[in-house]
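Here's a quick tour to read with the model open beside you. Keep the residue numbering handy as you go.

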Amino acid sequence: MDQLQSLAESIAETYVRDLRRETGSNVITVEGKSGSVDIPLLAAGLVGNALLLSQKNTGITSERDAFWILANLIILDGPEYSLTAHATSAITKLTEISLSKQSKPVIH
């Protein structure tokens, strides 16, 4: 589980680093709702989703399968880690979905 968590943290750190380079911050805004992408929360979400996906074919949670699901999202070659285009797109889309599901503020 430690290797899976470490891989998820590397992916999360790389995503946030690239987001900051692109936008200047780790904040994403969707339909007027903003939220910051936090590395520990993103890593936890990646681990959870990978474990759920590992159950898809066998019905049994497999840390090994979850590890390889995440391993396919990151490129470890080169001077610094980078994410695949699919990884960046998927993380951004899931973050946008999460923001759009936030409850609307109550106006009195």
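What follows covers two pockets, a nonpolar core and one serine in a loop.

This is a predicted model, so read everything here as computed from it. The largest pocket comes in at about 570 Å³, and the second largest at about 160 Å³. Helix H4 (85–100) is worth keeping in view: H4 supplies at least two residues to the lining of the largest pocket, and H4 also gives two or more to the lining of the second largest.

**The largest pocket**

- With a volume of about 570 Å³, this pocket has 23 lining residues, and the ones closest to its centre are Leu 42, Asn 49, Ile 91, Leu 94 and Thr 95.
- Strand E2 (33–36), H2, H3 and H4 each chip in at least two lining residues.
- H4 takes the largest share of that lining, with eight residues.
- As for chemistry, the lining splits into 14 nonpolar, eight polar and one charged residue.

**The second largest pocket**

- Its lining is made of Tyr 15, Asp 18, Leu 19, Glu 22, Thr 23, Val 27, Ile 28, Leu 83, Thr 88 and Thr 92.
- Helix H1 (2–23), strand E1 (27–30) and H4 are the elements that give two or more residues here.
- H1 has the largest share of this lining, at five residues.
- By class, you get five nonpolar, three polar and two charged residues.

**The nonpolar core and Tyr 15**

- The largest nonpolar core has 26 residues, and Ile 11, Tyr 15 and Leu 70 touch the most other members.
- At least two core residues come from each of H1, E1, H2, H3 and H4.
- H1 is the top contributor to this core, with eight residues.
- Tyr 15 does double duty: as well as being a member of the core, Tyr 15 helps line the second largest pocket.
- Setting aside neighbours within four places in sequence, Tyr 15 is in contact with Ile 28, Val 37, Leu 42, Leu 83, Thr 88, Ile 91 and Thr 92.
- Two of those partners, Leu 42 and Ile 91, are also among the residues closest to the centre of the largest pocket.

**Ser 62, between two helices**

- You'll find Ser 62 in the loop between helix H2 (39–58) and helix H3 (63–71).
- Why does Ser 62 count as buried? Its relative accessibility is 16%, and the cut-off for buried is under 20%.
- The Ser 62 side chain reaches the backbone nitrogen of Asp 65 at 3.1 Å.
- Beyond neighbours within four places in sequence, Ser 62 is in contact with Leu 51 and Ser 54.

Terms used: Residues are numbered from 1 along each chain as its sequence is written. This is a predicted model: local features need pLDDT of at least 70, side-chain atom pairs count only at pLDDT 80 or more; totals for chains, interfaces and linings use all residues. Side-chain values use heavy atoms; hydrogens and water are left out. Helices (H or I, at least four residues) and strands (E, at least two) are DSSP runs, numbered from the N terminus. Buried means under 20% relative accessible area, exposed over 50%, partly exposed in between (1.4 Å probe, protein chains only). A polar contact is a pair of N or O atoms within 3.5 Å; within protein, one must be able to donate a hydrogen and the other to accept it, and residues adjacent in sequence count only if both atoms are side-chain atoms. Contact means heavy atoms within 4.5 Å. On a 1 Å grid over the protein atoms alone, a cavity is a set of points where a 1.4 Å probe fits but cannot get out, and a pocket is an open set with protein on both sides within 12 Å along at least five of seven lines; lining residues have an atom within 4 Å of a point. Grid points are joined across faces, edges and corners, and a volume is the space filled by probe spheres set on the points. Ala, Val, Leu, Ile, Met, Phe, Trp, Tyr, Cys and Pro count as nonpolar, Asp, Glu, Lys and Arg as charged, and the others, Gly among them, as polar. A nonpolar core is a set of buried Ala, Val, Leu, Ile, Met, Phe, Trp, Tyr and Cys residues joined through side-chain atoms within 4.5 Å.
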